[in-house]
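I opened this structure to look through its empty spaces, its sheets and one helix contact. These are my notes, in the order I looked things up.

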Amino acid sequence: MGGREIGLIHMRDPYTVLGVARTASADDVKKAFRKLAKKFHPDQNKGDPKAQEKFAEASSAYEILGDEKKRGQFDRGEIDAEGKPRGFEGFGAGAGPFRRGGGATGGGGGFENFEFDVGGGPFGRAGAGGGRAGFDPSDFFDLFGGGRNARGRQPQRGQDVNETISVSLTDAVKGASVRVALPTGKTLEVAVAAGIEDGKQIRLKGQGQPGQGGGPAGDAIITVKIARHPYFRVEGRDVRLDLPITLYEAVLGGKVEAPTLTGKVELAVPPGSNGGRTLRLRGKGLPAVDGKPAGDLLVTLRVTLPEGSSPELETLMREWQASKPYDPRKDLG
């Protein structure tokens with residue numbers, strides 16, 4: 001009775017799995033994976049092994065196409081659909097030094113059914129038949145430094161995934177919980193700490209792509225962006241505000257009402273304040289967090305003329321132009 005032959009299993013083309021063209025953009029690849037991940041996610045298809053297989057297949061495909069370097073290697077034929085280097089696809093299939101043998105070499109399956117015609121080369125071992133050597137497959141892996149463990153896939157950590165969320169300035173100041181949809185198909189609640197800075201990253205352990213061969217899952221890295229505010233601008237931990245003031249407030253000075261992140265305050269405008277002058281309100285920026293002190297509110301004065309025509313102001317300005325001329329641009333050269 002002849003021995004059992006080895007069946008070589010190949011992953012499908014990742015472009016076919018995700019249903020995208022080879023010219024698809026990275027965003028199109030990501031959208032296609034999200035759609036499949038949501039459809040076949042195990043949490044949505046409990047007890048359905050086919051759906052689980054589809055989800056695993058889509059994840060493996062995205063592991064290749066979602067990584068710019070791996071995608072390039074696959075497109076150039078340097079790696080196969082499993083991410084393995086190409087070069088041994090023909091192992092045990094037809095002519096060449098490795099070919100299937102027809103003789104019975106024992107009842108077990110595996111490598112016993114292959115004849116290794118290597119003669120006196122590095123794999124050769126003197127056999128009773130003379131010209132054809134008997135070959136222990138472990139010699140092949142040992143030669144390349146893999147040892148017997150190289151037969152199985154080594155555990156690999158899953159890839160990290162990246163996502164960006166937008167929060168309002170109010171939520172950044174007070175803290176909030178934000179829902180985020182990950183490329184893995186999961187939707188999570190992410191806690192945004194009070195006082196978080198624009199561009200801050202939050203790492204969610206084990207929420208990335210699943211590991212391979214029993215390896216741990218990767219992480220999800222969430223970048224927080226603070227949404228544009230109608231009149232506040234965030235700069236690190238400081239906040240900027242352009243505050244309109246009247247011409248007479250600029251000349252005479254006085255108390256004016258100014259908004260802050262926590263409510264309105266009275267701001268003292270010094271007499272003779274030019275437009276563009278910046279006043280600092282200490283501690284009125286983003287609140288203290290993680291040992292970092294609270295930021296400041298930087299208020300820049302913007303002198304604003306009254307709306308509509310003002311004959312009295314025009315008359316006064318003509319008199320000033322004639323009797324009290326001055327050049328505010330003299331230092332510009």
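**Second largest pocket**

I started with the second largest pocket, whose volume comes out at about 700 Å³. I kept in mind that this is a predicted model.

Next I listed the lining. It has 18 residues, and the closest to the pocket centre are Leu 247, Val 251, Met 317, Trp 320 and Tyr 326. I then asked which elements give two or more residues to this lining. They are helix H7 (247–252) and helix H8 (311–323). H8 gives the most, with 5 residues.

I sorted the lining by class. I noted 12 nonpolar residues, 5 polar ones and 1 charged one.

**Largest cavity**

I turned to enclosed space. How many cavities of 30 Å³ or more are there? I found 1. The largest cavity holds about 30 Å³ of space.

I wrote down its lining: Met 11, Arg 12, Val 17, Glu 57, Ser 60, Ala 61 and Ala 81. Helix H3 supplies the largest share of this lining, with 3 residues. By class, the cavity lining has 4 nonpolar residues, 1 polar residue and 2 charged residues.

**H3 against H4**

H3 had come up at the cavity, and I followed it to a helix contact. H3 covers residues 49–65 and H4 covers residues 68–75. How do their axes cross? They come within 6 Å and cross at roughly 90 degrees. The two helices are therefore roughly perpendicular to each other.

I looked up who makes the contact. From H3 I noted Glu 63, Ile 64 and Leu 65. From H4 I noted Lys 70, Arg 71 and Phe 74. By class, the contact has 3 nonpolar residues, 3 charged residues and no polar ones.

**The sheet of 4 strands**

I moved on to the strands. One open sheet has 4 strands in the order E8-E9-E13-E12, and its pairing is mixed. Which strands stand at its edges? They are strand E8 (232–235) and strand E12 (278–281), and each pairs on one side only. On average, neighbouring strands here are turned by 25 degrees against each other, direction ignored.

I checked the pair at the E8 end. E8 pairs with strand E9 (residues 238–245) in the antiparallel sense, over 4 bridges. I picked out one residue, Arg 233. Its bridge partner in E9 is Arg 240.

**The sheet of 3 strands**

I also looked up an open sheet of 3 strands. Their order is E3-E7-E6, again with mixed pairing. Why is one side of strand E3 (161–167) and of strand E6 (201–204) left without a neighbour in the sheet? Both stand at the edges with a single partner strand each, so one side of each has no neighbour there. Neighbouring strands of this sheet are turned by 25 degrees against each other on average, direction ignored.

I then asked in which sense E3 and strand E7 (residues 220–226) pair. They pair in the parallel sense, over 7 bridges. One position I marked was Thr 164, which stands opposite Thr 223 in E7.

**Looking back**

I end with two pairings to find again in the view. E8 and E9 pair in the antiparallel sense, whereas E3 and E7 pair in the parallel sense. I would also return to H3, which lines the largest cavity and crosses H4 at roughly 90 degrees.

Conventions:
Residues are numbered from 1 along each chain as its sequence is written. This is a predicted model: local features need pLDDT of at least 70, side-chain atom pairs count only at pLDDT 80 or more; totals for chains, interfaces and linings use all residues. Side-chain values use heavy atoms; hydrogens and water are left out. Axes are lines fitted to C-alpha atoms, for helices over the stretch in contact, and angles run from 0 to 180 degrees between N-to-C directions. Angles under 35 degrees count as roughly parallel, over 145 as roughly antiparallel, 65 to 115 as roughly perpendicular and the rest as oblique. Contact means heavy atoms within 4.5 Å. Ala, Val, Leu, Ile, Met, Phe, Trp, Tyr, Cys and Pro count as nonpolar, Asp, Glu, Lys and Arg as charged, and the others, Gly among them, as polar. On a 1 Å grid over the protein atoms alone, a cavity is a set of points where a 1.4 Å probe fits but cannot get out, and a pocket is an open set with protein on both sides within 12 Å along at least five of seven lines; lining residues have an atom within 4 Å of a point. Grid points are joined across faces, edges and corners, and a volume is the space filled by probe spheres set on the points. Two strands pair if DSSP finds at least two bridges between them.
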